[in-house]
Amino acid sequence: MDRYDAMRIAFLAALFLGLASTGHSEPSPSVRYLMKEPVTLFDWGIIRLYDYLDEYATHYLKTNSVQDIYCTVSYDSGRNKIIISAIVTRQPEQEKESPASVRSHAKNICVEITRTLRREFLTDRDRHVRRTSGIYRFFGHIGSQGKEEPIDAFDEIERITIISVSVYSAKDPGRLILHSESPLMGKESVFAEGK
């Protein structure tokens, strides 16, 4: 037996022993639970919306006033709300910038991001356009309507969606300057100052 054959036999023996030792293990209770849980159309919609906004924020929500931005999407079951959250780090303040000026610029960031997202989800368009191209496109079946889908399902998704924008300081990254919450459909916004 030459050296090459001996190495090949040793490799195959190690491979066999490695497979034999891992072949008898079973998934843990957590893994078994996750393997049995189905992904719903709602779950899939949240994932699709998150993926879309992750890319969209970088290209369309980052302005000269914004140093960094990222978006998340979650569902608050207690409030029955889909929350689109934009987390923003504002460009560093100028040395002589007053606290009032910092808040004013943060408010402008909140307003602009909210306006841009409302425009992106076609909130000013008619129902037919919004149903096929608005926010509901992430939640509905692609190219068809579900057999048991309520007639107003897309209206409800629009109605329960909130845009949340939090603007943080670049000099002190943990310090919230301003937070806003706005319904996707509508014009109003509620602002809360950070501490």
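Two strands are taken to pair if DSSP finds at least two bridges between them. In the predicted model described here, Asp-76 stands opposite Lys-81 in β2, and this position belongs to the pairing of strand β1, residues 66-76, with β2 in the antiparallel sense over 10 bridges. Elsewhere along these strands, Asp-68 has Thr-89 of β2 as its bridge partner. The two strands, β1 and β2, form a hairpin with four residues between them, and in the turn Asn-80 has a positive phi of about 55 degrees.

Strand β2 also pairs with β3, to which it is joined by eight bridges, the two strands running parallel. Within this pairing, Ser-85 has Ser-164 of β3 as its bridge partner. As for the surroundings of β2, eight of its 10 residues are buried, so the strand is largely enclosed by the rest of the structure. In a regular strand the side chains alternate between the two faces of the sheet.

Helix α6, which spans residues 153-160, is likewise mostly covered, since six of its eight residues are buried. These buried residues are Ala-153, Phe-154, Asp-155, Ile-157, Glu-158 and Ile-160. The elements that cover the buried residues of α6 include helix α3 (41-61) and helix α5 (127-133), together with the strands β2 (81-90) and β3 (161-168).

Charged side chains provide further links between elements, and the structure holds nine salt bridges. Side chains of opposite charge can pair when their charged atoms come close. One of these salt bridges is formed by Glu-158 with Arg-130, the closest N and O atoms being 2.8 Å apart. Because Glu-158 lies in helix α6 and Arg-130 in helix α5, the pair ties together parts that are 28 residues apart in sequence. Salt bridges that share partners join Arg-127, Arg-130, Asp-155 and Glu-158 into one network. Both members of the pair described above are classed as buried, a class that requires a relative accessible area under 20%: Glu-158 has a relative accessibility of 3%, and Arg-130 has one of 10%.

A second salt bridge links the side chains of Glu-97 and Arg-90, with a distance of 2.7 Å from N to O. Here again the residues are buried, with a relative accessible area of 18% for Glu-97 and of 5% for Arg-90.

A further salt bridge is found between Glu-181 and Arg-79, whose closest N and O atoms are 3.2 Å apart. Glu-181 lies in strand β4, residues 176-183, whereas Arg-79 lies in the loop between β1 and β2, so this pair ties together parts that are 102 residues apart in sequence. Neither residue of this pair is classed as buried: Glu-181 is partly exposed, with a relative accessible area of 26%, and Arg-79 also counts as partly exposed, at 40% relative accessibility.

Helix α3, which was named above among the elements covering α6, also contains residues with accessible surface. Leu-41 is found in this helix and is partly exposed, with a relative accessible area of 36%. Together with Val-39, Trp-44 and Ile-47, Leu-41 forms a nonpolar patch on the surface, and the accessible area of these residues together is about 380 Å². Asp-51 is also placed in helix α3, and at 47% relative accessibility this residue counts as partly exposed. The C-alpha atoms of Asp-51 and Thr-72 are 8.8 Å apart in space, while the two residues are separated by 21 residues in sequence.

With regard to cysteines, the structure holds zero disulfides. A disulfide is a covalent bond between the sulfur atoms of two cysteines. Cys-71 is buried, with a relative accessible area of 1%, and Cys-110 likewise counts as buried, at 1% relative accessibility.

Technical notes. Residues numbered from 1 in each chain as written. Predicted model: local features only at pLDDT ≥ 70, side-chain atom pairs only at ≥ 80, totals over all residues. Heavy atoms only, no water. Disulfide = S-S within 2.5 Å. Buried < 20%, exposed > 50% of the residue type's maximum accessible area, 1.4 Å probe, protein only. Contact = heavy atoms within 4.5 Å. Patch = residues over 30% accessible without salt bridge, like charges linked within 9 Å, V, L, I, M, F, W, Y side chains within 5 Å. Areas by Shrake-Rupley, 256 points an atom, 1.4 Å probe, with all protein chains shown as cover. Salt bridge = Lys/Arg side-chain N within 4 Å of Asp/Glu carboxyl O.
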